[in-house]
Amino acid sequence: MRLLVLGGTEFAGRAVVEAALGRGWEVTVLNRGRQRPPAGVRALRGDRTAADGLAALAEGTWDVVVDTWSAAPRAVDESARLLRGRAGRYVYVSTCSVYAWPAPAGYDEGAPLVEGAEPDADRTDYARDKRGAEIAVVDAFGADRSVLVRAGLILGPYENIGRLPWWLGRIARGGPVLAPGPRELPLQYVDVRDLAEWVLGAAERELQGPYNLMSPQGHATMGSLLEACVQVTGGSGELRWVEPDVILDAGIEPWTQLPVWVPPGSDMHDSLHSADVSRAVGTGLRCRPVEETVADTWAWLQGIGGTAPQRADRPSVGLDPVVEAKVLGGR
């Protein structure tokens, strides 16, 4: 298989490149050259925000294109239109945020989508940008040659958002740790490497259409995630489980100040941790144990000096130690 990855040096794109190389595929990447791609790829230079940013793709054919773009959808519109006659399939890594908010518990790929998205728009907001990019892909490649990967929370090595790295760093510091309850709160996420393997399998089997791509609900819980963090970091962190009402009353923001966590029964939890993923599971999605995701992310962090990279277009996450101590001190 001949694969073109638009990006290919960070998080999801890098995982796709490494998985493809592991399968013996011929891999080309197009990016700005700010980071070194994995060995064994053909590297092209281009800036998708520039007028001539796709000049390096003027020639060449590929079996599949994988695109993870998350800014102005017009960049995806331009690349899809350029490549529609020279690539067999276009896989766009989108997001479950394209569903109209709030998504109902158990929503599937037929749930209502956000309105107001345009394929050739400049940057607006995350949900409409991703949906606009989906429209661009389908417009150029048709429904039968497009795959829309509506991922939820993505975790694993190379994470540049900071969610799992923050928890690992906090727990590694030791002492009492504010653990947002309930402990049995079900989570949905996908290990970036499992996402990559599914994407390549989808290309091989010529799948089409949208897929909610995350683990089945209950594959992990808040408890199993944080307990795995305690185990791999040496066990010096002491989890102190705190009820959701206490956390919210303290003004702590779910998802951002306490990464991954959103209170049970809320619109946020239904939208982020309760999707119907039977379509993806039925087409080959396999999710490794949470303990493996946590251990491998910790090993990667240790290998790069303990500090994860941070995307410039995403806010930093995590809870102020003063706020954490105040909440725990009042219990």
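## A walk through the helices, a pocket and some unusual bonds

Let us start with a pair of helices: α2, covering residues 74-83, and α3, covering residues 126-141, pack with their axes 8 Å apart and at an angle of about 15°. Angles under 35 degrees count as roughly parallel, and α2 and α3 are therefore roughly parallel to each other. Their crossing is right-handed. If you would like to find the place where they touch, look in α2 for Val76, Asp77, Ala80, Arg81 and Leu83, which meet Ala133, Ala136, Val137, Ala140 and Phe141 in α3. Sorted by class, this contact of α2 with α3 has eight nonpolar and two charged residues, with no polar ones. Please keep in mind along the way that this is a predicted model.

Next, let us move along the chain to α4 and its neighbour α6. Helix α6 spans residues 222-232, and its axis comes within 9 Å of the axis of α4, the two crossing at roughly 55°. α4 and α6 are therefore oblique to each other, and their crossing is right-handed. On the α4 side you will find Leu164, Trp167, Leu168 and Ile171, while α6 brings Met222, Leu225, Leu226, Cys229, Val230 and Val232. The contact of α4 with α6 has ten nonpolar residues, and neither polar nor charged ones.

Helix α6 also has α10 as a partner. The axes of α6 and α10 come within 9 Å and cross at roughly 45°. That makes α6 oblique to α10, and this crossing is right-handed. Here α6 offers Ser224, Leu225, Ala228, Cys229 and Val232, and α10 answers with Val290, Glu291, Val294, Ala295 and Trp298. By class, the contact of α6 with α10 divides into eight nonpolar residues, one polar and one charged. You may recognise some names: Leu225, Cys229 and Val232 of α6 meet α4, and Leu225, Cys229 and Val232 also take part in the contact with α10.

Now for some empty space. Rolling a probe the size of a water molecule over the atoms shows where such space is left. The second largest pocket holds about 230 Å³ of space. It is lined by 16 residues, and the closest to its centre are Gly162, Pro165, Trp166, Thr307 and Ala308. Two helices from our tour return here, since α4 (163-173) and α10 (290-303) each supply at least two residues of the lining. The largest share, four residues, comes from α4. By class, the lining of this pocket has eight nonpolar, seven polar and one charged residues.

We finish with details of the backbone. Most residues other than glycine have a negative phi, and most peptide bonds are trans. Against that background, a few places in this model deserve a look. The peptide bond from Trp101 to Pro102 is cis, with omega near -5°. You can find Pro102 in the loop between β5 (87-95) and α3, and α3 is the helix that packs with α2. Another cis peptide bond joins Gly181 and Pro182, where omega is about 0°. Pro182 sits in the loop between β8 (175-180) and β9 (186-187). The last stop is Phe11, which is not a glycine and yet has a positive phi of about 30°. Look for Phe11 in helix α1, made of residues 11-22.

Terms used: Residues numbered from 1 in each chain as written. Predicted model: local features only at pLDDT ≥ 70, side-chain atom pairs only at ≥ 80, totals over all residues. Heavy atoms only, no water. Axes fitted to C-alpha atoms, helices over the stretch in contact; angles between N-to-C directions. Parallel < 35°, antiparallel > 145°, perpendicular 65-115°, else oblique. Left-handed = near helix turned anticlockwise from the far one by under 90°. Contact = heavy atoms within 4.5 Å. Nonpolar A, V, L, I, M, F, W, Y, C, P; charged D, E, K, R; others polar. 1 Å grid on protein atoms, 1.4 Å probe; cavity = no way out; pocket = protein on both sides within 12 Å on 5 of 7 lines; lining within 4 Å. Points joined across faces, edges and corners; volume = space filled by probe spheres on them.
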